[in-house]
Amino acid sequence: MRQPNTCEFYYMTTFLTLTLLSIGVLCAWGQTKPNVKLIEEAKKEGEVVFYAGMSPAEANVMQAKFQAKYPFLQLKLNRIGGNRMAAKVFTEARAGQNLVDLIQTSEFDLYTFQKNGILAYYISPEDRFYPREYKEQGYWTAYQLSLIVVGYNTKMVAPQNLPKTYDDLLNPAWKGKIMLDPTKSEWFAGMLEIMGREKGLRYMKDLSKQDIVLRQGNALRAQLVSAGEAVFDINIPTHTVDQLKKSGAPIDWLALGPVPARMSTIGIAAKAPHPHAARLLLDFWLSREGQRLVDSFNRVVTRSDLAEEQSAAIKGLRIVPVNPALGEELQGYEKLLRDIFVSK
């Protein structure tokens, strides 16, 4: 067998080296080396205070995983739901009480916090995995989405008769068979963004003539659709439907066009009493490990290197995040929504 000459041997070894380096890069993709200095500084602080609006079950899982990874830090979790988050954070800021390190809440709240100087600037090493449309770089990042879709009773409508566009919901055949939550001003604002304000308002007024069934609460509405009180619920999150579907209920969801999406966001307080621990917790939350935990809660994650692990139903959607700046106008959208559907 002929032995390679010097030139051939050089090219062979160079190719092998580059190949091994490429494999190393691929293996390292999605992995971020721990910041030793950050960990040491966080150890000195000893604790991190976290204000979160997520469910108790999900918050407890994330807390347990974080403290197992960093046992030297005590994570003090304060669950604050609904509109109470903004009120609490602003009250503390005005009083000069610097109590919170990391805040998890809606995109509307964090947009307002940033605008008022309540958020710190910090670019996490995980930042590169988050698309531009899901963050205000350095201030807040959307780590999960709530996709607002159309839920339907699978026993009450045949697959071939399902609507294919939003306009199809105006079909007289669906009169009295459509449900919606009249408090979902963020859905309303998102739909007007997608359709254009003038066209969107015309559409909503036409839709209101369909004798819409008005009910509040995601879980309740999913159960009512499953029980046959309505064929469709047109502003319900995918995860609410999926949870009930897994239990065997006759319910599923579909998208009739671009899908408005609420964002769950996270950011560090500008005057965090434990800034290094806050960065460590944020890095964990946005890490591949943290996002896989969020995904295990049946949520839609935004981390780009986990896109292929999302369900096939999600991959084909055109997702349109609701503009965070609309948070300042939600009261106006809520009034419009109620005027159209409740006070008609």
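## Starting at Asn298

Is Asn298 buried, exposed or partly exposed? With a relative accessible area of 22%, Asn298 is partly exposed, because buried would mean under 20%. Keep in mind that this is a predicted model.

Asn298 sits in the loop between α11 and β11, and α11 is what comes before it. Its backbone is worth a look too: Asn298 is not a glycine, yet it has a positive phi of about 70°. Most residues other than glycine have a negative phi.

Asp211 is another case. It has a positive phi of about 50° without being a glycine, and it belongs to the loop between α7 (197–208) and β7 (213–214). Asp211 counts as partly exposed as well, at 44% relative accessibility.

## The chain as a whole

Zooming out, the protein chain has 13 helices and twelve strands. Its C-alpha atoms fill a box of roughly 80 × 70 × 40 Å along the principal axes.

Of the 344 residues in the chain, 48% are buried. If you take the contacts between residues at least 6 apart in sequence, 79% of them join residues at least 24 apart.

## Helix α11 and what covers it

Back to α11, which runs over residues 288–296 and has Gly290, Gln291, Leu293 and Val294 buried. Looking down the axis of α11, those buried residues fall within an arc of 150°, so they line one face of the helix. The general helix geometry is handy here: an α-helix has 3.6 residues a turn, so residues three or four places apart point the same way.

What lies over that buried set? The cover includes α3 (56–69), β5 (140–153), α10 (275–286) and β11 (300–301).

## α10 against α11

Of those covering elements, α10 can be followed residue by residue. The axes of α10 and α11 come within 4 Å and cross at roughly 60°, and the two helices are therefore oblique to each other.

On the α10 side, the residues that meet α11 are Phe284, Trp285 and Leu286. Their partners in α11 are Arg288, Glu289, Gly290, Gln291 and Leu293. Gly290, Gln291 and Leu293 also appear among the buried residues of α11.

## Rings and charges

The whole structure holds nine aromatic pairs. One of them is Tyr121 with Tyr139, an edge-to-face pair at 5.2 Å centre to centre, with 70° between the planes. This pair links distant parts of the chain, 18 residues apart: Tyr121 is in the loop between α5 (107–115) and β4 (135–136), and Tyr139 is in the loop between β4 and β5. Tyr139 is partly exposed, with a relative accessible area of 29%.

Phe284, which we met in α10, turns up again here: ring pairs link it with Phe66, Tyr70 and Phe72 into a cluster. Phe72 has a charged partner as well, since Lys43 lies over the face of its ring at 5.3 Å from the centre. Elsewhere, Arg303 puts its charged end over the ring of Phe129, 3.9 Å from the ring centre.

## Ser185 in α6

One more stop is Ser185, found in helix α6 (residues 185–195). Is it buried or exposed? Ser185 is buried, because its relative accessible area is 5% and the cut-off for buried is under 20%.

Leaving aside its neighbours within four places in sequence, Ser185 is in contact with Leu330, Tyr333, Glu334 and Leu337.

How values were computed
Residues are numbered from 1 along each chain as its sequence is written. This is a predicted model: local features need pLDDT of at least 70, side-chain atom pairs count only at pLDDT 80 or more; totals for chains, interfaces and linings use all residues. Side-chain values use heavy atoms; hydrogens and water are left out. Buried means under 20% relative accessible area, exposed over 50%, partly exposed in between (1.4 Å probe, protein chains only). Contact means heavy atoms within 4.5 Å. The arc is that of the directions from the helix axis to the C-beta atoms. Rings of Phe, Tyr and Trp (its six-membered ring) pair if their centres lie within 6.5 Å; planes under 30 degrees apart count as stacked, over 60 as edge-to-face and the rest as tilted. A charge sits over a ring if NZ of Lys or CZ of Arg is within 6 Å of the ring centre and within 35 degrees of the ring normal. Axes are lines fitted to C-alpha atoms, for helices over the stretch in contact, and angles run from 0 to 180 degrees between N-to-C directions. Angles under 35 degrees count as roughly parallel, over 145 as roughly antiparallel, 65 to 115 as roughly perpendicular and the rest as oblique.
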